[in-house]
Amino acid sequence: MSSSRDFSLHHPLAFWIGCIAIIGGVLAHAPMFLMGRYTGYEMVGMEMDTPMLVGMAMIPLGVLLAAYGLLPRITQLRRSLHPVQPLQFHLADGVPLNSAHWKLVMVLVIALAVDVLKPATLGFVMPGMTHEYGISKETAGVLALVALTGTTVGSIVWGRLADVFGRRSAILLSALMFIGTAICGAMPAFGWNLAMCFLMGASAGGLLPIAFTLMAETVPAAHRGWLLVALGGVGTSAGYLLAAGAADLLVPLYSWRALWLLGLPTGLLIILLGRYIPESPRFLANAGLFDAARTVLARFSGGHTAGADAATVVAEPEAPPARLSTLLRGPHARITWGLIVAGLAWGLVNFGFVLWLPTNLGAMGLDPAAANGLLARSALLALPGTAAVIWLYHRWSSVKALVLFIVLTAAALLLFTALGALRVNSAAAVVAATALLLISSSGVIAMLIPYAAEIYPVQLRGTGSGVIAASSKAGGILGAGLGVLGLFGHLSLSALAIAAPMAIAAVLLMRSGVETRGRRLEDIQAELAQ
């Protein structure tokens with residue numbers, strides 16, 4: 001009987017040799033980095049030595065070799081694209097959570113924390129990078145834009161990889177990219193940082209939707225909703241805390257470059273924890289690997305099954321294979337467009353409106369220090385919102401909770417429209433509007449990708465989740481462009497402009513959204529197919 005681990009590591013020797021090559025390539029940059037200890041670890045203008053150049057060549061070769069080790073056999077790949085047996089296995093929803101589920105949850109929380117750590121360090125490297133390279137803040141800002149573009153592309157590419165080659169393979173490949181792009185911390189020129197940062201963003205953007213996809217396909221339906229939302233909330237918070245803690249501890253000693261070098265140990269941690277990351281049983285069954293699917297299901301049955309023929313392993317007819325066009329045309333089109341519009345609008349809020357909010361509050365007559373204090377108090381008030389999101393998503397309704405927080409975000413923006421138009425500078429009103437915006441917008445993103453991971457067929461679940469995740473990053477790119485054009489310099493106008501797509505998304509999802517709370521993924525697909 002083959003196992004899911006055998007499927008994910010068809011060529012273990014190639015995978016581990018590739019890992020060693022990537023790690024060796026990163027370590028080849030260490031001598032040059034250590035040479036900078038006499039100059040405060042400033043490496044700008046230094047000539048790349050031979051070991052560094054050899055190391056840079058070893059990394060892409062190692063990634064290709066390790067990727068080859070992760071890929072399934074060609075015959076298995078053909079089965080995944082063209083199933084020859086119309087069967088699909090799933091875990092019965094009555095199975096309680098057990099140690100295997102909790103191990104997976106803990107590993108995915110760690111993976112998401114590492115994933116969030118990468119882009120979260122951008123804000124902490126900007127001051128040192130600007131000083132060392134002698135560039136303006138506007139030029140340094142290009143780095144954030146490149147990273148955001150990388151996350152957008154990575155979300156889509158990695159989502160597709162997960163649907164073709166497997167969820168586990170995509171997660172491990174992302175971790176390998178984390179390791180390889182750690183050399184960004186040893187680059188002597190700003191241009192090299194831009195290239196590395198794009199690749200780092202691509203790997204970070206790719207891991208997020210795949211983690212939700214794997215979780216959705218592995219845990220019982222009765223616990224799927226709250227675990228998905230909690231996974232995103234806890235993982236994101238832990239990632240930001242890790243970034244802030246690492247900056248406080250490492251930057252004074254080893255400069256901003258140390259934050260990029262963290263990609264080596266953190267990526268290696270995910271690789272080592274890979275033994276606790278199973279392949280999705282639904283993906284395995286769709287690939288025609290029924291014995292491997294049964295093996296994974298037996299592990300997650302918690303002793304409620306003695307073998308493959310137990311009641312927790314169910315075979316049923318499968319829907320016709322979905323194609324990429326299904327996302328934008330066909331039964332999933334309306335709900336996909338609703339989620340995409342919501343993602344774009346959220347990106348405009350998070351990477352545009354909120355980013356410019358301190359400046360706009362200052363233009364309304366508030367002291368900059370007072371404005372920052374108001375934002376901090378509003379953020380504290382928004383913290384309990386995560387618990388409310390989890391409760392509503394799990395106990396009330398998944399789609400109604402998502403629509404509710406989209407509507408609340410639009411309402412908060414309209415409140416800012418009124419405050420700006422009436423030139424109201426009341427501290428209480430600003431705190432109320434800001435707290436409502438932070439609570440509602442954080443609730444939207446906490447539910448957006450988990451909901452996407454529940455509504456798409458197994459053949460397109462990774463791609464669908466990736467597209468929705470990419471839409472939120474694309475909104476950030478659009479927000480950056482609109483910021484350059486001066487839209488966010490006008491509080492009322494920008495708030496009204498973003499409230500419109502938020503309202504459109506709410507209408508689309510109210511009309512086409514489906515309830516996922518406590519329902520089997522197969523039942524959700526049956527409703528959408530109708």
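## Worked exercises: cavities, rings and a serine

A search through the whole of this predicted model turns up 3 cavities of 30 Å³ or more. Let's start there.

**Exercise 1. Describe the largest cavity: how much space does it hold, and which residues line it?**

*Step 1.* Start with the volume: the largest cavity holds about 70 Å³ of space.

*Step 2.* Now pick out the wall. The lining is made up of Leu 117, Lys 118, Thr 121, Phe 178, Thr 181, Ala 182, Met 200, Leu 259, Trp 260, Leu 262 and Gly 263.

*Step 3.* Map those residues onto the secondary structure. Two elements, α6 (99-120) and α12 (257-261), give two or more residues each to this lining.

*Step 4.* Sort the lining by class: you get 7 nonpolar, 3 polar and 1 charged residues. Gly is counted among the polar ones here.

**Exercise 2. Classify the ring pair Trp 102 and Trp 226: stacked, tilted or edge-to-face?**

*Step 1.* For context, the model has 8 aromatic pairs.

*Step 2.* Check the geometry of this one. The ring centres of Trp 102 and Trp 226 sit 6.4 Å apart, and the planes make an angle of 50°. Pairing needs centres within 6.5 Å, and under 30 degrees would be stacked while over 60 would be edge-to-face, so Trp 102 and Trp 226 count as tilted.

*Step 3.* Place the partners. Trp 102 belongs to helix α6 and Trp 226 to helix α11 (residues 221-254); with their positions 124 residues apart, the pair links distant parts of the chain.

*Step 4.* Look at exposure. Trp 102 has a relative accessible area of 38%, so it is partly exposed. Trp 226, at 23%, is partly exposed too.

*Extra.* While you're looking at rings, find the aromatic cluster formed by Phe 33, Tyr 41 and Tyr 254.

**Exercise 3. Work out the surroundings of Ser 494: is the residue buried or exposed, and what does its side chain reach?**

*Step 1.* Locate the residue: Ser 494 is in helix α22 (residues 491-512).

*Step 2.* Read off its accessibility. The relative accessible area of Ser 494 is 0%, and the cut-off for buried is under 20%, so Ser 494 is buried.

*Step 3.* Follow the polar contacts. A polar atom of the Ser 494 side chain lies 2.8 Å from the backbone oxygen of His 490. That side chain also reaches the backbone oxygen of Leu 491, at 3.1 Å.

*Step 4.* Finish with the neighbours. Leaving out residues up to four places away in sequence, Ser 494 touches Phe 353, Leu 487 and Phe 488.

Terms used
Residues numbered from 1 in each chain as written. Predicted model: local features only at pLDDT ≥ 70, side-chain atom pairs only at ≥ 80, totals over all residues. Heavy atoms only, no water. 1 Å grid on protein atoms, 1.4 Å probe; cavity = no way out; pocket = protein on both sides within 12 Å on 5 of 7 lines; lining within 4 Å. Points joined across faces, edges and corners; volume = space filled by probe spheres on them. Helix = DSSP H or I, 4+ residues; strand = E, 2+ residues; numbered from the N terminus. Phe/Tyr/Trp six-rings, centres within 6.5 Å; stacked < 30°, edge-to-face > 60°. Buried < 20%, exposed > 50% of the residue type's maximum accessible area, 1.4 Å probe, protein only. Polar contact = N/O pair within 3.5 Å; in protein donor to acceptor, adjacent residues only side chain to side chain. Contact = heavy atoms within 4.5 Å.
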